[in-house]
Amino acid sequence: MDVMVNGAARAVAREWRDESALHWLRESQGLVGAKFGCGVGICGACTVWLDGAPVRSCLTPVAQCASRQVTTVEGLAQGSKLHPVQQAWLDHSVPQCGYCQSGQIMAAAALLRDVKQPTDAQIDEALSGHLCRCGTQARVREAVKTAARRIGGAA
Ligand code: FES
Ligand code: FES
């Protein structure tokens, strides 16, 4: 069984086939951007894309990803060029401890793919399922707006 991860096929060894996608990505594939927070679908720290849609990888069996496209935060950049959301995160110094941030970034990037100039309400809704105990929400919102402007061609 293969899963396409960040554009390349990766084989899932037999002993991993009953595991979550999060566990497989982190412990078998060395992709540790997605984090284990709650493990029950509440915090959003484990968010990756499955066929382009944000999912909670802690609740997603890796078997469900067979022959599908998984994108992790490690796959957002194009070579050495960061995704506009990642760059905006740096420019706004969004992360504090950082634990929730890859999930937030994956949610934000999915939002901006679908909604070019989101309102505050749309940003808040897209990120509402992402818990941040460090209180970065205000910077998250500003960084999403900056990324939206850049994607739209403004400075
Ligand atoms: S670790 Fe998956 S939602 Fe919290
Ligand atoms: S930056 Fe620490 S939990 Fe969000």
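1. The side chain of T47 reaches the backbone oxygen of G44 at 2.8 Å. This is a distance in a predicted model, as are the other values in this note. T47 belongs to strand β3. With a relative accessibility of 3%, T47 counts as buried, because buried means under 20%.

2. The surroundings of T47 come from several parts of the chain. Leaving out residues up to four places away in sequence, T47 touches P54, V55, R56, G103, M106 and H130. The C-alpha atoms of T47 and S102 are 7.4 Å apart, although 55 residues separate the two along the chain. S102 is one of the buried residues of helix α3, and so are G103 and M106.

3. The backbone oxygen of G44 should be looked at a second time. A polar atom of the H130 side chain lies 3.4 Å from the backbone oxygen of G44. The side chain of T47 reaches that oxygen too, at 2.8 Å. H130 sits in the loop between α4 and α5. Despite this loop position, H130 is buried, at 7% relative accessible area.

4. Which residues does H130 touch, not counting residues up to four places away in sequence? They are C43, G44, T47, R56, G103, Q104 and A107. Among them, G103, Q104 and A107 are buried residues of α3, while T47 is found in β3. R56, also in the list, is a residue of β4 and stands opposite T47.

5. Strands β3 and β4 run antiparallel and are joined by 4 bridges. They form a hairpin with 2 residues between the strands. In this hairpin D51 takes a positive phi near 50°. The pairing of T47 with R56 in β4 can be used to find the register of the two strands on screen.

6. The hairpin strands are part of an open sheet of 5 strands, in the order β2-β1-β5-β3-β4, with mixed pairing. β2 (8-11) and β4 are the edge strands, each pairing on one side only. From one strand to the next the twist averages 40°. At the β2 end of the order, β1 (residues 2-5) and β2 run antiparallel, joined by 4 bridges. V5 has A8 in β2 as its bridge partner.

7. Two helices can be placed against the sheet. Helix α1 (residues 21-28) lies across β1, β2, β3 and β5, and runs at about 75° to β1. Helix α3 packs on the sheet as well, touching β3, β4 and β5, and its direction makes about 40° with that of β3.

8. Helix α3 covers residues 101-114, 14 residues in total. From its first C-alpha to its last it reaches 20 Å, close to the 20 Å expected at 1.5 Å a residue. Is α3 largely enclosed or open? It is largely enclosed by the rest of the structure, because 12 of its 14 residues are buried.

9. The buried residues of α3 are Q101, S102, G103, Q104, I105, M106, A107, A108, A109, A110, L111 and L112. They pack against strands β3 (47-50), β4 (53-56) and β5 (69-71), and also against helices α2 (84-91), α4 (120-127) and α5 (137-151).

10. The end of α3 contrasts with that buried stretch. R113 counts as partly exposed, at 37% relative accessibility, and D114 is exposed, at 57%. The side chains of R113 and D114 meet in a salt bridge, with N to O at 3.6 Å. Side chains of opposite charge can pair when their charged atoms come close. The whole structure holds 7 salt bridges.

11. Another of the salt bridges joins D120 and R141, whose closest N and O atoms are 3.4 Å apart. This pair links distant parts of the chain, with D120 in helix α4 and R141 in helix α5, 21 residues apart. Both residues count as partly exposed: D120 at 32% relative accessibility and R141 at 27%.

12. Within α5, E142 forms a salt bridge with K145, the closest N and O atoms being 3.7 Å apart. These two residues are 3 places apart, about one turn of the helix. E142 is partly exposed at 36%, as is K145 at 24%. Through shared partners, salt bridges join D120, D124, R141, E142 and K145 into one network.

Methods: Residues numbered from 1 in each chain as written. Chains lettered and ligands numbered in written order. Predicted model: local features only at pLDDT ≥ 70, side-chain atom pairs only at ≥ 80, totals over all residues. Heavy atoms only, no water. Expected span 1.5 Å × (residues − 1). Buried < 20%, exposed > 50% of the residue type's maximum accessible area, 1.4 Å probe, protein only. Contact = heavy atoms within 4.5 Å. Pairing = 2+ DSSP bridges. Polar contact = N/O pair within 3.5 Å; in protein donor to acceptor, adjacent residues only side chain to side chain. Axes fitted to C-alpha atoms, helices over the stretch in contact; angles between N-to-C directions. Salt bridge = Lys/Arg side-chain N within 4 Å of Asp/Glu carboxyl O.
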